[in-house]
There are 2 protein chains.
Amino acid sequence: MEYLNEKEFLIAFGKNLRKARKSKGFTQSQLANDIGIEISQISRIERGIINTSVGNVNAISRALRVDIQELFNLIKN
Amino acid sequence: MEYLNEKEFLIAFGKNLRKARKSKGFTQSQLANDIGIEISQISRIERGIINTSVGNVNAISRALRVDIQELFNLIKN
DNA sequence: TATATTATAGGCATATTTGCCTATTTTTAA
DNA sequence: TTAAAAATAGGCAAATATGCCTATAATATA
């Protein structure tokens, strides 16, 4: 499998996040509140619109209690 | 162990990156060239000055061939 | 269906990152 | 110890992310 370009990566990352968030029973709003960022940002991250910070990713993985690796897994869905 | 605040996290992340980069025999310049960003940014990331993007982190882990998890490992050194 | 909840869309001002640059300091190797 | 290589420091403009906001669309539930 070819490497993904940055845009493709961000979309894959967003899909992984959405899947993880739902599997943990969080709404975007709950996740945003837990880590202290805007709900609109969660929406944009999940849709691959923005390239968020490593700090936010760390906070997200802690809040959801998912492995970082799971969010970076570049599996085609 | 307590959770790290964002500043502490960025410093730990930077240390992990530096360790990984050196263990793979890369200079900051080589790494920067490989992923297409500025060497000054690598320096700032390693020193915990900036909160770089998830896209850059992905590119770094690919260039160095290290697991994402390794960069996020919050071990005290 | 209709009502509430959840998610998307986008504008705008502010904050932060990034690239480009020069200079200086630190580390490595001869 | 000296020279070369590597890393740090910081200024500045441009690009991008973020917070705050309102409105709309989509989804779930009564």
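The following paragraphs go through helix α2 of chain A, the surface near DNA strand D, and the contact between chains A and B.

This is a predicted model, in which local features need pLDDT of at least 70 and side-chain atom pairs count only at pLDDT 80 or more, while totals for chains, interfaces and linings use all residues. Residues are numbered from 1 along each chain as its sequence is written, chains are lettered from A and ligands numbered from 1 in the order in which they are written, and side-chain values use heavy atoms, with hydrogens and water left out.

Helix α2 of chain A covers residues 28–35; helices here are DSSP runs (H or I, at least four residues), numbered from the N terminus. Its buried residues are A:Gln28, A:Leu31, A:Ala32 and A:Ile35, where buried means under 20% relative accessible area and exposed over 50% (1.4 Å probe, protein chains only). Seen down the axis of α2(A), these buried residues fall within an arc of 100°, so they line one face of the helix; the arc is that of the directions from the helix axis to the C-beta atoms. They pack against α1 (6–23), α3 (39–46) and α4 (54–64) of chain A. The face turned away from the buried side carries the exposed residues A:Asn33 and A:Asp34. After α2(A) comes A:Gly36, with a positive phi near 75°.

DNA strand D is surrounded by 18 residues, the closest being A:Gln41, A:Asn51, B:Arg18, B:Gln28 and B:Arg47; a residue is near the strand if one of its heavy atoms lies within 4 Å of it. Sugar or phosphate accounts for 77% of the strand D atoms within 4 Å of the protein, and bases for the rest. Polar side-chain atoms lie close to phosphate oxygens of strand D at 3.1 Å for A:Thr52 and 2.9 Å for B:Arg21. For B:Gln28, a side-chain N or O atom is 2.7 Å from a phosphate oxygen of the strand. Two or more residues of this surface come from each of α3 of chain A and α1 (6–23) and α3 (39–46) of chain B. The most, three residues, come from α3(A).

The contact between the two protein chains (heavy atoms within 4.5 Å) takes 19 residues from chain A and 19 residues from chain B. About 1700 Å² is buried between them, with carbon and sulfur atoms giving 61%; buried area is the accessible area (1.4 Å probe) that two parts lose on being put together, summed over both. A:Val54, A:Arg62 and A:Phe72 supply 35% of the area that chain A buries against chain B, more than any other three residues.

Methods: Polar contact = N/O pair within 3.5 Å; in protein donor to acceptor, adjacent residues only side chain to side chain.
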